[in-house]
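Open the structure in your viewer and keep the sequence beside it, so that each selection can be made by residue number. The tour below goes from one stop to the next, and each stop says what to select and what is there.

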Amino acid sequence: MISQSTTSLRKATRVFGIMGLILFSAGCARGINSSPGEAPNLEKWIADVQARPAPALEPLPVMQQFETFEYAAQSLRDPFSDAWSNADSGGLRPDPNRRKETLEQYPLDSLDMVGTIGKGGALVALVMAPDKVTYKVRPGAYLGQSDGRITGVHEDRIELVELVPDGAGGWLERPASIALEDQ
């Protein structure tokens with residue numbers, strides 16, 4: 001036997017369900033004054049928008065006048081010619097037939113001067129390579145990857161001249177030095 005409260009609860013649920021269904025279907029229906037194929041509110045809005053005057057456009061910016069320039073350097077040297085190239089001249093250049101020395105495989109900034117041996121003009125410099133091996137070098141020896149030729153050994157530094165490309169096919173001498181490392 002079902003109790004009376006359960007029955008009244010079922011009836012109330014049924015009534016509220018039917019009322020909700022009626023309200024839902026009423027919200028989906030069209031307005032009273034519109035037929036199924038018309039949309040008067042939309043048509044009215046389009047007519048209102050078309051009736052409005054168009055906004056004024058900003059004027060175009062005034063074009064700036066540029067000064068004309070006439071190139072009058074036809075009689076000067078062509079900057080793209082190879083007139084500066086001294087590849088065929090007998091200028092400075094590395095000797096491709098010279099046998100490379102051990103310290104020429106290392107960049108100059110990775111070599112350290114760690115001391116000297118001898119006195120006066122007979123000084124021999126001690127240079128430590130990145131592999132932690134110490135080498136003896138004299139003036140005339142080569143070190144570094146830019147064909148650096150040692151021009152002088154002093155108590156506190158090694159002076160050398162490197163050959164570097166000048167960017168136009170030739171070579172320039174660039175002085176360099178390695179200072180005695182403070183320990």
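Leaving aside its neighbours within four places in sequence, which residues is Glu162 in contact with? Select Glu162 and display what surrounds it: in this predicted model, the residues in contact with Glu162 beyond those close neighbours are Leu108, Ser146, Asp147, Gly148, Leu172, Glu173, Arg174 and Ala176. Glu162 itself is found in strand E6, and with a relative accessible area of 5% it is buried.

**The whole chain**

Before going further, zoom out and colour the chain by secondary structure, which shows two helices and seven strands. Followed from the N terminus on, the elements run α-α-β-β-β-β-β-β-β. The chain has 183 residues, of which 20% count as buried, and it exposes about 15,100 Å², with carbon and sulfur atoms supplying 58% of that area. Among the contacts with a separation of 6 or more, 38% are between residues 24 or more positions apart.

**The sheet around E6**

Now select strands E4, E5, E6 and E7, which form an open sheet in the order E4-E5-E6-E7 with antiparallel pairing. The edge strands are E4 (142–143) and E7 (171–179), each of which pairs on one side only. Strands of a sheet pair through backbone hydrogen bonds, either parallel or antiparallel.

Start with strand E5, residues 148–153, and strand E6, residues 157–165, which are paired in the antiparallel sense over four bridges. To see how they line up, pick Arg149, which stands opposite Val161 in E6. Then move to E6 and E7, which run antiparallel and are joined by nine bridges; here a useful pair to label is Leu163 and Glu173, since Leu163 stands opposite Glu173 in E7. Where E6 and E7 form a hairpin, five residues lie between the strands, and Gly167 takes a positive phi near 90 degrees in this hairpin.

**Salt bridges**

How many salt bridges does a search of the whole structure find? The search finds seven, and three of them can be visited in turn.

Select Arg174 and Glu162 for one of these, a salt bridge whose closest N and O atoms are 2.9 Å apart. Arg174 lies in strand E7 and Glu162 in strand E6, so this pair ties together parts that are 12 residues apart in sequence. The two partners can be compared by their exposure: Arg174 is partly exposed, with a relative accessible area of 40%, whereas Glu162 is buried at 5%.

Next, select Asp156 and Arg157, whose side chains meet in a salt bridge at 3.0 Å, N to O. Arg157 has a relative accessible area of 29% and is partly exposed, and Asp156, with 42%, is partly exposed as well.

For another, go to Arg98, which lies in the loop between H2 and strand E1 (112–117). Is Arg98 buried or exposed? Its relative accessibility is 17%, and Arg98 counts as buried because buried means under 20% relative accessible area. Apart from neighbours within four places in sequence, Arg98 is in contact with Glu104, Tyr142 and Asp147. With Glu104 it forms a salt bridge, in which the closest N and O atoms are 2.8 Å apart, and Glu104 also counts as buried, at 9% relative accessibility.

**The nonpolar core**

In soluble globular proteins, nonpolar side chains tend to be buried together. Here, the largest nonpolar core has 18 residues, and those to select for the most contacts inside it are Leu103, Leu111, Val137, Leu143, Ile158 and Ile178. The elements that give two or more residues to this core are strand E2 (124–128), E5, E6 and E7. Centre the view on Leu111 and, not counting residues up to four places away in sequence, you will find that it touches Leu103, Tyr106, Val127, Met128, Ala129, Pro130, Leu143, Gly144 and Ile178.

**A patch on the surface**

Finish by switching to a surface view and selecting Leu42, Trp45, Ile46 and Val49, which form a nonpolar patch on the surface with about 380 Å² of accessible area together. Trp45 has its place in helix H2, residues 40–51, and with a relative accessible area of 52% it is exposed.

Methods:
Residues numbered from 1 in each chain as written. Predicted model: local features only at pLDDT ≥ 70, side-chain atom pairs only at ≥ 80, totals over all residues. Heavy atoms only, no water. Patch = residues over 30% accessible without salt bridge, like charges linked within 9 Å, V, L, I, M, F, W, Y side chains within 5 Å. Areas by Shrake-Rupley, 256 points an atom, 1.4 Å probe, with all protein chains shown as cover. Salt bridge = Lys/Arg side-chain N within 4 Å of Asp/Glu carboxyl O. Buried < 20%, exposed > 50% of the residue type's maximum accessible area, 1.4 Å probe, protein only. Contact = heavy atoms within 4.5 Å. Pairing = 2+ DSSP bridges. Core = buried A, V, L, I, M, F, W, Y, C linked by side-chain atoms within 4.5 Å.
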